[in-house]
Amino acid sequence: MLSDSHAFSGFSVDNIQKAKEFYDRTLGLAVSEANGLLKLHLPGGATVLMYPKAKHVPATFTILNFPVDNVEKAVDELTKRGVRFEIYAEPDIKTDEKGIFHGGGPIIAWFKDPAGNILSVLEDN
């Protein structure tokens, strides 16, 4: 039954228009809007639904990962577009001054959308 379903994921935001501007203009992704909801059209054909939630609480985990060839270049480009990367100085997660984590897994950098949800760019090679 479900093996033939075209499943999709979704997450909440506190402001649809701010989310639309961020994902479309800042990140350069395809976004469509209908009935007060946003659909994020990802390269490769996946779709993610964004819906408004009055008492939205940002996710405390990474909700969306963007594989890239070079994290350093991606961080530099997104920083120019106004994205602010998270700096972590915890015992198990330490990032450099740009917000890039270089140890214990893929090279990765985390950032937040306007609703506070955590996203990442990670090196895929």
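1. Let's start with strand S8 (118–123). Six of the six residues of S8 are buried, so the strand is largely enclosed by the rest of the structure. Keep in mind that this is a predicted model. Both faces of S8 are covered. On one side sit Ile-118, Ser-120 and Leu-122, and on the other Leu-119, Val-121 and Glu-123, all of them buried. As background, side chains in a regular strand alternate between the two faces of the sheet.

2. Next, the sheet around S8. Four strands make an open sheet in the order S5-S8-S7-S6, and the pairing is mixed. S5 and S6 (100–101) are the edge strands, each pairing on one side only. Helix H2 packs on this sheet and touches S5, S6, S7 and S8, with its direction at about 140° to that of S8.

3. What are the two partners of S8 doing? S5 pairs with S8 in the parallel sense over six bridges, while S7 pairs with S8 in the antiparallel sense over five. On the S5 side, Thr-62 has Ile-118 as its bridge partner, and Phe-66 stands opposite Val-121. On the S7 side, Phe-111 stands opposite Leu-119. S7 and S8 also form a hairpin with five residues between them, and Gly-116 in that turn has a positive phi of about 90°. In general, strands of a sheet pair through backbone hydrogen bonds, either parallel or antiparallel.

4. Now the nonpolar core. The largest one has 29 residues, and the members that touch the most others are Tyr-23, Leu-27, Leu-40, Met-50, Phe-85, Phe-111 and Val-121. Elements giving two or more residues to this core include helix H1 (16–26), strand S3 (37–41), strand S4 (47–52) and helix H2 (71–80), along with S7 (108–112) and S8. Apart from this core lies another, of six residues, among them Tyr-88, Ile-108, Trp-110 and Ile-118. In soluble globular proteins, nonpolar side chains tend to be buried together.

5. Val-121 deserves its own point. Leaving out residues up to four places away in sequence, Val-121 touches Phe-66, Val-68, Val-71, Ala-74, Val-75, Leu-78, Phe-85, Ile-107, Ile-108, Ala-109 and Phe-111. Val-121 is also among the core members with the most contacts to other members, and it lines the largest pocket too.

6. About that pocket: it holds about 230 Å³ of space. Its lining is made up of Leu-27, Leu-29, Asn-65, Phe-66, Pro-67, Val-68, Ala-74, Glu-77, Leu-78, Arg-81, Phe-111 and Val-121. S5 and H2 are the elements that give two or more residues to the lining, and S5 supplies the largest share, four residues.

7. Over to strands S1, S3 and S4. S1 (9–13) and S4 pair in the parallel sense over five bridges, with Ser-9 bridged to Val-48 in S4. S3 and S4 run antiparallel and are joined by four bridges. Here Leu-40 stands opposite Val-48 in S4. S3 and S4 form a hairpin as well, with five residues between them, and Gly-44 in the turn has a positive phi of about 100°.

8. His-41 sits in S3. Is His-41 buried, partly exposed or exposed? Its relative accessibility is 32%, so His-41 counts as partly exposed. Setting aside neighbours within four places in sequence, His-41 is in contact with Ala-30, Val-31, Ser-32, Ala-46 and Thr-47. The C-alpha atoms of His-41 and Ile-100 are separated by 26 Å, and the two residues are 59 apart along the chain.

9. Lys-73 belongs to H2. At 62% relative accessibility, Lys-73 counts as exposed, because the cut-off for that class is over 50%. Its C-alpha atom and that of Ile-100 are separated by 11 Å, with the two positions 27 residues apart in numbering.

10. Last, Thr-95, in the loop between H2 and S6. Thr-95 has a relative accessibility of 13% and therefore counts as buried, the limit being under 20%. Not counting residues up to four places away in sequence, Thr-95 touches Glu-86, Ile-87, Tyr-88, Ile-100, Phe-101 and Trp-110. Two of these contacts, Tyr-88 and Trp-110, are members of the six-residue core.

Note on methods. Residues numbered from 1 in each chain as written. Predicted model: local features only at pLDDT ≥ 70, side-chain atom pairs only at ≥ 80, totals over all residues. Heavy atoms only, no water. Core = buried A, V, L, I, M, F, W, Y, C linked by side-chain atoms within 4.5 Å. Buried < 20%, exposed > 50% of the residue type's maximum accessible area, 1.4 Å probe, protein only. Contact = heavy atoms within 4.5 Å. Pairing = 2+ DSSP bridges. Axes fitted to C-alpha atoms, helices over the stretch in contact; angles between N-to-C directions. 1 Å grid on protein atoms, 1.4 Å probe; cavity = no way out; pocket = protein on both sides within 12 Å on 5 of 7 lines; lining within 4 Å. Points joined across faces, edges and corners; volume = space filled by probe spheres on them.
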